[in-house]
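Let's work through some exercises together, with the structure open beside you. Try each task on your own before reading its solution.

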Amino acid sequence: LSLDTTISVTTKRKYLIVSKVFVSQLYRLGLVTVDLTVGVKSFRSSSGFHTTGFTDEEMSRILEQLNVTSDLRLKLIVYLKCFGGLRDIEITRLTVEGLNLDEGFIQIHGKDRDGVEQSPNVGQIVQVLREYLQSSGKRSGTLVTSESRRNYGQPLTTTSVWFVVRDFLNGLGIHRNPHQVRSFFVSSLVKGMGDNLFNVIYFSRHRNIQTLQNYVNQIGKCHNFLIANF
């Protein structure tokens with residue numbers, strides 16, 4: 001692939017990621033004795049998608065503030081993004097009926113998909129969900145709703161979720177795009193799971209292998225904080 005000048009770097013990356021997934025599956029099934037994908041790096045490009053996510057120090061400040069906040073809705077939103085990797089649209093579509101806290105799963109209406117997926121949750125999310133449900137008194141319907149006088153009780157929009165997180169980050173002196181919370185989650189999965197793309201795909205619910213490969217390319221820039229708390 002590296003010597004082929006007839007195809008673009010993007011196409012090379014797609015071929016490589018498919019090959020790595022295939023070979024990893026052979027190793028997982030015991031059909032080969034060595035994981036040949038270890039140490040295989042992708043093709044670099046000077047342009048395109050890049051994400052560095054949050055630093056460990058920034059994530060520490062974020063979680064420290066959430067531990068003392070009385071705004072459980074804010075705490076839930078950030079935890080869902082940080083420890084569950086949920087997108088804004090997925091947060092707005094969550095329902096109380098879709099929660100299974102005893103088994104640690106929630107039903108997610110995924111991005112651009114009609115079907116429903118189950119997402120495994122770590123203990124941190126389950127605990128915050130219990131706190132939020134108890135405080136809000138919600139027993140059914142949309143999980144995260146507006147608290148404004150005009151739209152009280154109505155489902156939040158994706159724009160509202162984005163502004164809630166942005167204002168929280170700005171208040172901490174962290175001026176980043178709120179989407180980078182999910183980027184940090186996915187990048188940390190890639191680093192912590194040793195390029196086991198099957199697990200990364202499962203936990204992040206990514207379907208675009210090119211997007212996932214971009215996170216793999218950024219692995220040297222992400223941090224251990226999330227994995228230590230996962």
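A residue counts as buried under 20% relative accessible area, as exposed over 50%, and as partly exposed in between. Please keep in mind that this is a predicted model.

**Exercise 1. Sort Gln154, Phe22 and Asp71 into buried, partly exposed or exposed.**

Solution.
- Step 1: Start with Gln154, which is found in the loop between H5 and H6. Its relative accessibility is 44%, so Gln154 counts as partly exposed.
- Step 2: Phe22 is found in helix H1. Because its relative accessibility is 54%, Phe22 counts as exposed.
- Step 3: Asp71 has its place in the loop between H2 and H3. With 29% relative accessibility, Asp71 counts as partly exposed.
- Step 4: Now look at the surroundings of Gln154. Leaving out residues up to four places away in sequence, Gln154 touches Thr145 and Ser146. Gln154 and Thr142, 12 residues apart in sequence, are 8.1 Å apart in space from C-alpha to C-alpha.

**Exercise 2. Decide for two lysines, Lys20 and Lys75, whether each is buried or exposed, and find what lies around them.**

Solution.
- Step 1: Lys20 sits in helix H1, residues 9–28. Its relative accessibility is 6%, so Lys20 counts as buried.
- Step 2: Follow the side chain of Lys20, and you arrive at the backbone oxygen of Val40, at 3.4 Å. A polar contact needs N or O atoms within 3.5 Å.
- Step 3: Lys75 lies in helix H3. At 9% relative accessibility, Lys75 counts as buried.
- Step 4: Setting aside neighbours within four places in sequence, Lys75 is in contact with Leu66, Asn67, Thr69, Val128 and Glu131.

**Exercise 3. Describe how helix H3 begins, how covered it is, and what follows it.**

Solution.
- Step 1: At the N-terminal end of H3, Asp71 acts as the cap, with a side-chain oxygen 3.3 Å from the backbone nitrogen of Arg73.
- Step 2: Check the next backbone nitrogen as well: that of Leu74 lies 3.1 Å from a polar atom of the Asp71 side chain.
- Step 3: Asp71 also has a partner far along the chain to look up: Tyr132 is 61 residues away in sequence, with the two C-alpha atoms 9.2 Å apart.
- Step 4: H3 itself covers residues 72–84 and is mostly covered, with 13 of its 13 residues buried.
- Step 5: Just after H3 comes Gly85, which takes a positive phi of about 65°.

**Exercise 4. Work out how H3 packs against H6, and which kinds of residue make the contact.**

Solution.
- Step 1: H3 and helix H6 (residues 158–171) pack at an angle of about 100°, and their axes are 10 Å apart.
- Step 2: That angle makes H3 roughly perpendicular to H6.
- Step 3: On the H3 side, the contact is made by Arg73, Leu74, Ile77, Val78 and Lys81, while H6 brings Val161, Val164, Val165 and Phe168.
- Step 4: By type, the residues of this contact divide into seven nonpolar, no polar and two charged.

**Exercise 5. Find which residues touch the most other members of the largest nonpolar core, and which element gives the most to it.**

Solution.
- Step 1: This core has 40 residues, and Ile62 and Leu143 touch the most other members.
- Step 2: Two or more residues come from each of helix H2 (56–68), H3, strand E2 (105–109), helix H5 (123–136), H6 and helix H7 (180–192).
- Step 3: H3 gives the most, with nine residues.
- Step 4: Inspect Leu143 directly. Not counting residues up to four places away in sequence, its contacts include Leu76, Leu94, Val96, Leu129 and Tyr132.

**Exercise 6. Step back and summarise the whole chain: how many helices and strands are there, and in what order do the elements run?**

Solution.
- Step 1: Count the elements: the chain has 10 helices and three strands.
- Step 2: Read from the N terminus, the order is α-α-α-α-β-β-β-α-α-α-α-α-α.
- Step 3: Of the 230 residues in the chain, 43% are buried.
- Step 4: Finally, take the contacts between residues at least 6 apart in sequence: 63% of these join residues at least 24 apart.

Notes
Residues numbered from 1 in each chain as written. Predicted model: local features only at pLDDT ≥ 70, side-chain atom pairs only at ≥ 80, totals over all residues. Heavy atoms only, no water. Helix = DSSP H or I, 4+ residues; strand = E, 2+ residues; numbered from the N terminus. Buried < 20%, exposed > 50% of the residue type's maximum accessible area, 1.4 Å probe, protein only. Polar contact = N/O pair within 3.5 Å; in protein donor to acceptor, adjacent residues only side chain to side chain. Axes fitted to C-alpha atoms, helices over the stretch in contact; angles between N-to-C directions. Parallel < 35°, antiparallel > 145°, perpendicular 65-115°, else oblique. Contact = heavy atoms within 4.5 Å. Nonpolar A, V, L, I, M, F, W, Y, C, P; charged D, E, K, R; others polar. Core = buried A, V, L, I, M, F, W, Y, C linked by side-chain atoms within 4.5 Å.
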